[in-house]
Amino acid sequence: MTAAAVRPSAGGARLSALARVPAFWVVAALLLAGAIRMAQLAGRLAGTYPIATAAAVVLFGLLTVPFWLVVAELDFLEREPIELLVLAFAWGGLVATSVSIPASTALEDLVAKLGSPHLAADWGAALAAPSVEETAKTLGVVAIVLVARAQVNSVLDGVVYGAMVGLGFQIVEDIVFAVGAVALAGQGDQIQPVIATFLLRGFLSGVWSHTLFGALVGAGIGYLVVRRDRRPAHRLGAALLAFLGAWASHVLWNSPLLGDGLGNGALALLGVLLLKGLPPLALVLVLVRRAHDREADYYVERLNKVCDPELITEGELEALRSGAKRAAARRYAGERAGRAGRRAVRRLQSAQARLAVELSQAAAPAATYDDVREHRKLLRELGHPEAIAGPRSWRHTASTIVTTVVAIAVLWVALSALGGA
Amino acid sequence: MARITRRELMSLLGAFGVVATLGGLAFGLPAIDRSLPDTRPVRADEPYVIGAGVTVVPPTGATLDVTVTRPGGSTGTALFRLGSVQYQIAVRPFDGDLRAAGERLRHRITATSGYQVTGPQLRVATAGGLDGLQGGYSAPGRSGRYVVFVADGRTIEVTISGADLDLGRSLPQIEASTRTLQTDGRDR
């Protein structure tokens with residue numbers, strides 16, 4: 001069952017390999033068209049509000065970094081090629097956005113024309129934006145499948161590509177909204193509206209936004225492509241259900257439900273954010289966990305057959321199974337052997353993951369075995385021979401508590417600054 | 001010349017399917033939207049609710065542009081059309097005074113390339129006693145008038161624009177309509 005959930009690819013996805021796929025050139029043309037369209041829009045915004053546009057690009061550009069790292073880290077064992085991650089991000093930021101701008105406006109107008117301006121004011125954004133944007137983003141994951149089907153070899157891969165498409169869309173949309181807020185404020189080229197938009201859309205709404213919806217859709221496409229042991233109707237149904245889930249989450253987020261909040265104050269605003277954002281976030285986290293565990297089981301099984309403690313020990317196999325345990329192993333190494341130990345464990349885990357992937361494709365090259373042994377040697381020299389998770393330390397517990405308190409404080413300040421308190 | 005495999009052909013067809021869907025979204029939806037009329041008649045004998053507790057009696061013969069009109073609880077926009085003349089009213093939360101509101105609206109008008117404000121601002125008032133500031137602006141091929149009011153924590157911005165001749169003909173009716181602007185008196 002696990003083997004059916006993971007289908008290792010035989011080759012990479014270098015640009016030269018992608019260029020040999022005819023569909024890639026169609027996708028490249030779409031990216032070029034999207035880039036031209038968005039460059040025209042950016043030129044107009046930057047021409048009128050140069051400082052605000054630059055501030056928005058810098059702020060949301062910085063916000064991209066942690067999101068990118070988290071999404072790319074989701075599939076630690078079988079990392080997606082950087083070329084395809086960039087392609088997914090570019091699709092979201094260039095193609096999906098440039099298509100969504102005219103299409104969402106048109107659909108919202110149709111709601112007003114066929115219904116009423118009142119209906120459009122209340123439900124226009126909730127009906128138009130999810131229908132258009134989720135479709136345009138889904139096509140981004142479909143495009144990845146068309147140009148590099150072999151690189152979508154687990155449900156988790158679909159999640160990663162979908163999340164990257166969503167992230168690209170989210171960042172570019174946020175920049176456009178931030179400069180739009182500057183225009184609406186009518187105070188000239190000021191950055192205060194950009195900062196307010198950053199707090200609201202980047203910080204408070206960022207976690208349960210397009211990245212999340214994209215991940216959900218991606219899981220469906222991943223299932224459709226990978227689970228060839230299931231009937232086509234079943235796979236298609238799962239993909240449609242995932243799309244519907246993303247669409248419904250987006251509708252709920254944009255809907256006027258709870259629009260008047262749960263009262264006044266930061267707590268009430270936080271309550272609304274949680275009520276609208278937490279269900280899809282929880283759903284995606286459960287999905288990611290399941291997909292990750294299935295993939296991890298598959299690759300750990302490959303490593304288990306190696307039966308060489310120089311390459312991987314029983315304890316390391318257990319640590320490699322879960323993201324939390326991998327992180328715990330790095331922390332433990334950091335406590336025992338400092339930063340060098342932490343770095344060495346990370347490299348050993350990466351080498352072991354690479355070995356697992358190569359073993360699943362065919363016989364792994366000798367260089368990969370040598371690489372793992374090299375990292376083992378370094379760890380041994382550092383006096384920490386095994387990359388296993390240590391006992392939970394008080395420092396880690398204290399650091400978790402402090403981080404949580406700081407996060408709540410920052411959230412509170414952001415909510416208060418936006419008029420919640 | 002290299003032959004295209006069945007798999008490549010299928011992926012190429014799939015890519016064209018993607019292009020067709022995107023085309024449907026980007027061009028098809030706007031085309032359907034354009035095929036339906038933007039405006040619908042509006043009664044000139046009763047107040048129209050713009051949003052945020054603000055009402056206005058529309059000018060006789062005006063139509064309502066439903067693509068721009070968006071009533072709401074804390075904000076609202078209504079666009080009336082009289083031939084080529086556009087008469088737009090926007091209500092938004094605002095915590096400044098009338099002078100600041102006037103300044104903000106002038107900023108927004110001049111932020112559009114080719115738009116310039118003309119002449120000084122004059123004091124105006126509605127029949128219900130709302131005080132406002134009125135000014136003029138010019139745009140390529142069009143002239144405009146703006147009026148701004150501040151009441152109960154919100155700003156009411158009126159912008160009127162059209163070709164000189166049409167604007168001159170419609171202005172008396174529009175000014176009469178503007179004088180009927182009313183708020184519900186509740187703080188927002």
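1. A definition to start with, since the pairings below rest on it: two strands pair if DSSP finds at least two bridges between them. Please also keep in mind throughout that this is a predicted model.

2. With that in hand, have a look at the small sheet in chain B. Three strands make up this open sheet, in the order β2-β3-β12 (chain B), and their pairing is antiparallel. The edges are formed by β2 (48-51) and β12 (182-183) of chain B, each of which pairs on one side only. Between β3 (residues 54-56) of chain B and β12(B) there are two bridges, in the antiparallel sense. Here B:T55 has B:Q182 of β12(B) as its bridge partner.

3. Next, a strand that deserves a careful look: β10 (residues 142-151) of chain B. This strand is largely enclosed by the rest of the structure, because eight of its 10 residues are buried. On one pairing, strand β9 (residues 131-139) of chain B is joined to β10(B) by eight bridges, and the two run antiparallel. Within this pair, B:L133 is matched with B:V148 in β10(B). The hairpin of β9(B) and β10(B) has two residues between the strands, and B:G141 adopts a positive phi near 75° there.

4. β10(B) also pairs with strand β11 (residues 154-162) of chain B, through nine bridges and again running antiparallel. B:V147 is found opposite B:V158 in β11(B). Two residues separate β10(B) from β11(B) in their hairpin, and in the turn B:D152 has a positive phi of about 50°. If you are checking backbone angles, B:G141 and B:D152 are the turn residues to find.

5. Now to a helix in chain B. Where does the kink in helix α3 (residues 164-178) of chain B lie? The kink, of about 45°, is at B:L171, shortly before the proline B:P172. The buried residues in α3(B) include B:L167, B:S170, B:I174, B:S177 and B:T178. Among the elements that cover the buried residues of α3(B) are β3, β6 (76-82), β7 (85-93), β10 and β11 of chain B, so you will meet some familiar strands there.

6. On the contact between the chains, 29 residues come from chain B and 31 residues from chain A. On the chain B side, α1 (6-35), β5 (70-71) and α2 (98-110) of chain B are the elements that give two or more residues. Which of them gives the most to that side? The answer is α1(B), with 16 residues. Sorted by class, the side of chain B that touches chain A holds 17 nonpolar, seven polar and five charged residues.

7. Turning to chain A, the assignment divides the chain into domain 1 (8-289) and domain 2 (305-406). Their C-alpha centres are 33 Å apart. Five residues of domain 1 of chain A are in contact with seven residues of domain 2 of chain A. The domain 1 side of this contact has four nonpolar residues, no polar ones and one charged.

8. Finally, a single residue. A:I36 sits in helix α3 (residues 22-48) of chain A. Is A:I36 buried or exposed? A:I36 has 11 other C-beta atoms within 10 Å, and a residue counts as exposed at 12 or fewer, so A:I36 is exposed. From A:I36 to A:W208 the separation is 172 residues in sequence and 29 Å in space, taken C-alpha to C-alpha.

Terms used:
Residues numbered from 1 in each chain as written. Chains lettered and ligands numbered in written order. Predicted model: local features only at pLDDT ≥ 70, side-chain atom pairs only at ≥ 80, totals over all residues. Buried ≥ 20, exposed ≤ 12 C-beta atoms within 10 Å, placed from the backbone. Helix = DSSP H or I, 4+ residues; strand = E, 2+ residues; numbered from the N terminus. Contact = placed C-beta atoms within 7 Å. Nonpolar A, V, L, I, M, F, W, Y, C, P; charged D, E, K, R; others polar. Bend = angle between axes of the 7 residues up to and from the residue. Domains from an automatic or database assignment.
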